[in-house]
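Subject: A structure for you to look at

Hello,

I am passing on the structure we talked about, with some notes to help you find your way around. Please open it first and keep it beside you while you read.

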Amino acid sequence: TVLLGLSSPVTAFWRMECRARSGYAQIDPLVSFGGISEHIHAIHGGSAFSPTATTNDLLQSDCTSCSVAEDKSAYWTPSLYFQDSSTGEFEVVQQEGGMLAYYLLFANSDDPEQKVHAFPKGFQMIAGDVNQRNFTYPVPDIEKSLWTGEFTEQKFLRQAAVGFNCLNYQAAPEGTLYRHFFPDKGYLDANCADGIRAELMFPSCWNGETTSPDSRSHVAYPSQVMTGDCPKEFPKRLVSMLYETIWRTDLFADRAGTFGWSNGDPSGFGYHGDFIMGWQEDFLQSAVDTCTNPSGKIADCPLFTIQDEATYSTCSITEPENIQSIKVTGNLKNLPGNPAIVAGPEYAKGKTAGSINPATLAPAPIISSSAAVPTLSYSSGVSISPTEASAYVPGAVFA
C-alpha cells in the first residue's frame with residue numbers, strides 16, 4: 001500500500017510491516033491482565049507478549065514478527081470469523097499479509113517547533129470500543145468544514161476512527177476510514193472482490209501519562225481524527241498510529257453465511273485494537289526526528305535493522321498452558337471464548353480495561369442481522385496533493 005500526498009518532514013511517515021502473526025490466542029494484558037481474554041486476538045510483534053506483558057517484558061523479547069528488529073512492540077486486534085448458515089459453525093477468515101502499523105508524524109499546527117513525541121517507555125493504549133453496536137451520525141461523513149458541535153466530541157471522533165475498506169484491485173481504491181461499519185455479506189460478495197481491509201486510527205493527543213485505568217483516558221483524538229488540533233487537556237502530539245489488516249472475505253463468496261468479529265460483533269462498530277510500546281524510547285524518538293522520508297518505506301530509514309522473512313516469520317509467543325487447549329481454528333460450534341453475539345443497536349456487555357465485573361456471557365446464537373446496517377456505495381477516495389497532506393481527513397486516499 002502507498003500513502004499519497006506526503007512530501008514534507010512534518011507529514012512524513014513509515015509503514016511498519018508485521019507480515020507474520022506472533023500469536024493467535026485469548027490474551028489481552030490491557031483488559032484481562034493475568035487471565036484469559038474473553039475473545040481471540042490476532043497478535044503481532046514481540047515474542048514476550050503474554051497475559052501480563054509490559055514494555056519491560058516486551059523489550060526482553062527474543063524476536064519480533066515485524067520487519068524492524070528494534071520494534072518489540074505488541075499490536076493486537078480481534079479476528080474475523082465466518083458462520084455457515086447451514087451448520088451454524090464458525091471458521092476463521094484468512095488474514096492476508098499480516099498487518100501494517102503506520103507511524104504518521106503529524107505535529108500540532110500551533111506548535112512552533114512542530115514536535116512529534118515518541119511513545120514513552122511503559123506507554124499503552126486502546127482504540128475503539130469493544131461494546132459499540134450502532135452509529136448515530138450521518139453516513140457518509142459530512143464535510144470537515146461542518147465538523148462542529150457533536151462532531152468535535154470524542155464520542156464521534158472515536159467512531160470515525162474505525163474503517164472497513166472494500167477491496168477491489170480492478171477499481172480505484174476507496175478512501176481510508178470512509179466506511180465505519182462492516183458491510184453485510186451480500187455487499188461484500190457483490191463489490192469486494194479482494195476482501196476487506198479493517199482500519200483503525202489511534203488517538204495521538206496526549207496528557208503526559210503513560211497509561212490510565214481504562215487504557216484510553218490519557219489520550220484523545222485531534223479534531224479531524226488523524227490531523228487537526230488537540231484538546232487543551234491533551235496538548236502533546238504523539239506519533240499518529242493507524243492499523244491496517246486485510247481479511248479474505250472473498251474466499252467465502254460461494255457460501256451462505258455471515259461474518260462477525262471474534263468479540264461477538266457482526267456490525268463492525270465494536271472493532272478495536274491495542275498497543276503496548278516495545279521500542280527503546282530514545283531510539284524511537286531518534287527515528288521520529290530523522291526518519292522523515294515521505295516514501296513510507298522502512299528501508300529508507302538508516303536507523304532500522306530490516307529482518308528477512310525467514311527471520312520474522314518464525315517468531316512466535318509462548319502461550320500459557322491454560323489456553324493451549326482452546327481450539328481457535330477449524331469448524332467451531334462457538335466463537336473462541338464463547339462471547340455473546342450482539343448485533344445491536346443495544347450496547348454490548350464485553351469486559352473492558354479497568355472494569356470490575358466480567359461480562360455476562362451466553363451461548364452463541366446464529367449471528368443475527370436484525371439490527372439496521374447502514375448502506376454506503378463503493379466510492380473511490382479523493383487523492384490529496386502534497387500541499388493538502390496536512391489537512392488529510394477521512395475519505396481521502398490513504399491506501
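Below are my notes on a sheet, some salt bridges and the cavities. Please keep in mind that this is a predicted model.

**The sheet**

A good place to begin is an open sheet of five strands, in the order S1-S7-S14-S10-S9. The pairing in this sheet is antiparallel. At its edges you will find S1 (13-18) and S9 (162-166), each of which pairs on one side only. On average, neighbouring strands here are turned by 20° against each other, direction ignored.

Start with S1, where five of the six residues are buried. S1 runs antiparallel to S7, and six bridges join the two. To find this pairing on screen, look for Phe13, which sits opposite Leu104 in S7.

From there you can step across to the next strand. S7 covers residues 95-104 and pairs with S14 over eight bridges, again in the antiparallel sense. A handy marker for this second pairing is Tyr102, with Leu242 of S14 opposite.

**The salt bridges**

As a general point, side chains of opposite charge can pair when their charged atoms come close. There are eleven salt bridges in this structure, and I would like to show you a few of them.

Which residues does Arg255 join in a network of salt bridges? They are Asp84 and Glu91, linked with Arg255 in one network. In the Asp84 to Arg255 bridge, the N to O distance is 2.9 Å. Asp84 belongs to strand S5 (residues 80-84), while Arg255 is in the loop between S14 (240-247) and S15 (257-261), so the two are distant parts of the chain, 171 residues apart. The bridge from Glu91 to Arg255 has an N to O distance of 2.5 Å. Here the partners are 164 residues apart, with Glu91 in strand S6 and Arg255 in the loop between S14 and S15.

Are the members of this network buried or exposed? Asp84 counts as buried because its relative accessibility is 9%, and Glu91 is buried too, with a relative accessible area of 19%. Arg255, at 29%, counts as partly exposed.

Another bridge to look up is the one between Lys333 and Glu89, at 3.1 Å from N to O. Lys333 lies in the segment after helix H6 (321-324) and Glu89 in the loop between S5 and S6 (90-92), so this pair ties together parts that are 244 residues apart in sequence. Lys333 is exposed, with a relative accessible area of 61%, whereas Glu89 is buried at 17%.

**The cavities**

Finally, some words on empty space. The structure holds four cavities of 30 Å³ or more, and the largest of them has a volume of about 60 Å³.

What lines the largest cavity? Its lining is made up of Gly128, Asp129, Gln132, Phe135, Arg158, Gln159, Val162, His180, Phe269 and Tyr271. By type, these lining residues divide into four nonpolar, four polar and two charged.

If you would like a route through the model, try the sheet, then the network around Arg255, then the largest cavity.

Happy exploring, and best wishes

Key
Residues are numbered from 1 along each chain as its sequence is written. This is a predicted model: local features need pLDDT of at least 70, side-chain atom pairs count only at pLDDT 80 or more; totals for chains, interfaces and linings use all residues. Side-chain values use heavy atoms; hydrogens and water are left out. A salt bridge is a side-chain nitrogen of Lys or Arg within 4 Å of a carboxyl oxygen of Asp or Glu. Helices (H or I, at least four residues) and strands (E, at least two) are DSSP runs, numbered from the N terminus. Buried means under 20% relative accessible area, exposed over 50%, partly exposed in between (1.4 Å probe, protein chains only). On a 1 Å grid over the protein atoms alone, a cavity is a set of points where a 1.4 Å probe fits but cannot get out, and a pocket is an open set with protein on both sides within 12 Å along at least five of seven lines; lining residues have an atom within 4 Å of a point. Grid points are joined across faces, edges and corners, and a volume is the space filled by probe spheres set on the points. Ala, Val, Leu, Ile, Met, Phe, Trp, Tyr, Cys and Pro count as nonpolar, Asp, Glu, Lys and Arg as charged, and the others, Gly among them, as polar. Two strands pair if DSSP finds at least two bridges between them. Axes are lines fitted to C-alpha atoms, for helices over the stretch in contact, and angles run from 0 to 180 degrees between N-to-C directions.
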